[in-house]
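I opened this one to see how the strands stack and what sits around the ligand. My notes are below, in the order I looked things up.

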Amino acid sequence: MIFRAIRHLSYRYEQSLEKIRSRYYVHFIRLYDGTVGDNLVIRRGAKILITKGGKVSIGNNFVLGEGADLFVGKDGKVKIEDGIFIGKNSTVVANGNLTIGAGTQIAHLVTIIDSDHKFSDPKRPLVEQGGHIGHITIGKDVWIGANSVVLKNIDIGDHAVVGASSVVTKSVPTRSVVAGNPAKKIK
Ligand SMILES: CC(C)(COP(=O)(O)OP(=O)(O)OC[C@H]1O[C@@H](n2cnc3c(N)ncnc32)[C@H](O)[C@@H]1OP(=O)(O)O)[C@@H](O)C(=O)NCCC(=O)NCCS
């Protein structure tokens, strides 16, 4: 009985914290000239980081799962349409243009990253060589399986599926199913 009561109270407490956190992020996004729709949910340990100059537009019913991060660089332009879920401990890095279409579901531990280090000169330290920034466009109603990685200059077509633990190095056609490392069409 007492355990049920404690569990109920801690659930209610977490719900209240989630509401406060989500409201804070609505203000934070607007402070950076971004736009955000209704029902933003930012779960425990999740973060949105926007560097000055970065632009963010988030639609209705966006959920950023527990421990997940959305990072927007100074030249980043992020458009997140309605009804998008980003799972637990996923990381999304946008230094360039990133679009995620309506209804797309991103599972846990997914990394979406639109930039690489330059490394062509072995005599110079990596950190001094700068980087390549690309774009990522994820269509509507896409499902990205757990533990997958999506790299720069990728377009994922509407209704596509990316299998668990895939590394997406090439664009994915609409309605196709890709899987593996590197991800290849399986259906
Ligand atoms: C991609 C997926 C949806 C395909 O499911 P399916 O349509 O039932 O596919 P099948 O099981 O018929 O597999 C077809 C082929 O692809 C291979 N395959 C399926 N998923 C794979 C994956 N993630 N990585 C590598 N190969 C995969 C299968 O081994 C099979 O190969 P074969 O024809 O040589 O035997 C599923 O395998 C998957 O990865 N689901 C993601 C689960 C997940 O991350 N859930 C998170 C909760 S939101």
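What follows goes from ground rules to helix, sheets, core, ligand and odd backbone spots.

**Ground rules.** I'm working on a predicted model, where local features need pLDDT of at least 70 and side-chain atom pairs count only at pLDDT 80 or more, while totals for chains, interfaces and linings use all residues. Residues are numbered from 1 along each chain as its sequence is written. For helices and strands I take DSSP runs (H or I, at least four residues, for a helix; E, at least two, for a strand), numbered from the N terminus.

**Helix α1.** I checked the length of α1, residues 2-31: its 30 residues should span 44 Å at 1.5 Å a residue, and the end C-alpha atoms are 43 Å apart, which agrees. The expected span here is 1.5 Å times one less than the number of residues. Then I looked at burial, calling a residue buried if 20 or more other C-beta atoms lie within 10 Å of its own, exposed if 12 or fewer, and partly exposed in between, with C-beta atoms placed from the backbone. The number of buried residues in α1 is one of 30, so the helix lies largely in the open. Just after α1, I found aspartate 33 with a positive phi of about 60 degrees.

**Sheets.** I count two strands as paired if DSSP finds at least two bridges between them. One open sheet has six strands in the order β1-β4-β7-β10-β15-β18, and the pairing is parallel. Its edges are β1 (35-36) and β18, each pairing on one side only. Inside that sheet I followed β10 and β15, a parallel pair with three bridges; isoleucine 100 has isoleucine 138 of β15 as its bridge partner.

The other open sheet I traced has eight strands, β2-β5-β8-β11-β16-β19-β21-β22, and its pairing is mixed. Here β2 (41-42) and β22 are the edge strands, with a partner on one side only. Between β8 and β11 (residues 105-106), which run parallel, I found two bridges. Isoleucine 86 sits opposite isoleucine 106 of β11.

I also followed β9 on both its pairings with β6 and β12. β6 and β9 are parallel, with four bridges, and valine 72 is matched with alanine 94 in β9. β9 also runs parallel to β12 (residues 111-113), with three bridges; there valine 93 faces isoleucine 113.

**Core.** Which residues touch the most other members of the largest nonpolar core? They are Leu64 and Val162, in a core of 40 residues. By a nonpolar core I mean a set of buried Ala, Val, Leu, Ile, Met, Phe, Trp, Tyr and Cys residues joined through C-beta atoms within 7 Å. Elements giving two or more residues to this core include β3 (47-50), β4 (55-58), β6 (69-72) and β19. β9 gives the most, with three. For contacts I use C-beta atoms, placed from the backbone, within 7 Å. Beyond four places in sequence, leucine 64 is in contact with Ile42, Arg43, Ala46, Ile48, Leu70 and Ile86.

**Ligand shell.** I took as near any residue whose C-beta atom, placed from the backbone, lies within 6 Å of the molecule. Among the residues around the ligand are Ala107, Gly145, Val161, Ser165, Val177, Ile186 and Lys187. By class, the shell has seven nonpolar, four polar and one charged. My classes: Ala, Val, Leu, Ile, Met, Phe, Trp, Tyr, Cys and Pro are nonpolar, Asp, Glu, Lys and Arg charged, and the others, Gly among them, polar.

Serine 165 of that shell has a positive phi near 60 degrees without being a glycine. I place serine 165 in the loop between β19 (161-162) and β20 (167-168). Serine 165 is partly exposed because 15 other C-beta atoms lie within 10 Å.

**Other backbone spots.** Asparagine 89 is a non-glycine with a positive phi of about 60 degrees, in the loop between β8 (85-86) and β9 (91-94). Asparagine 89 has 18 C-beta neighbours inside 10 Å, so I log it as partly exposed. Where is proline 182 found? I located proline 182 in the loop between β21 (177-179) and β22 (184-185), and a cis peptide bond joins asparagine 181 to proline 182, with omega about -5 degrees.

Key: Two residues are in contact if their C-beta atoms, placed from the backbone, lie within 7 Å.
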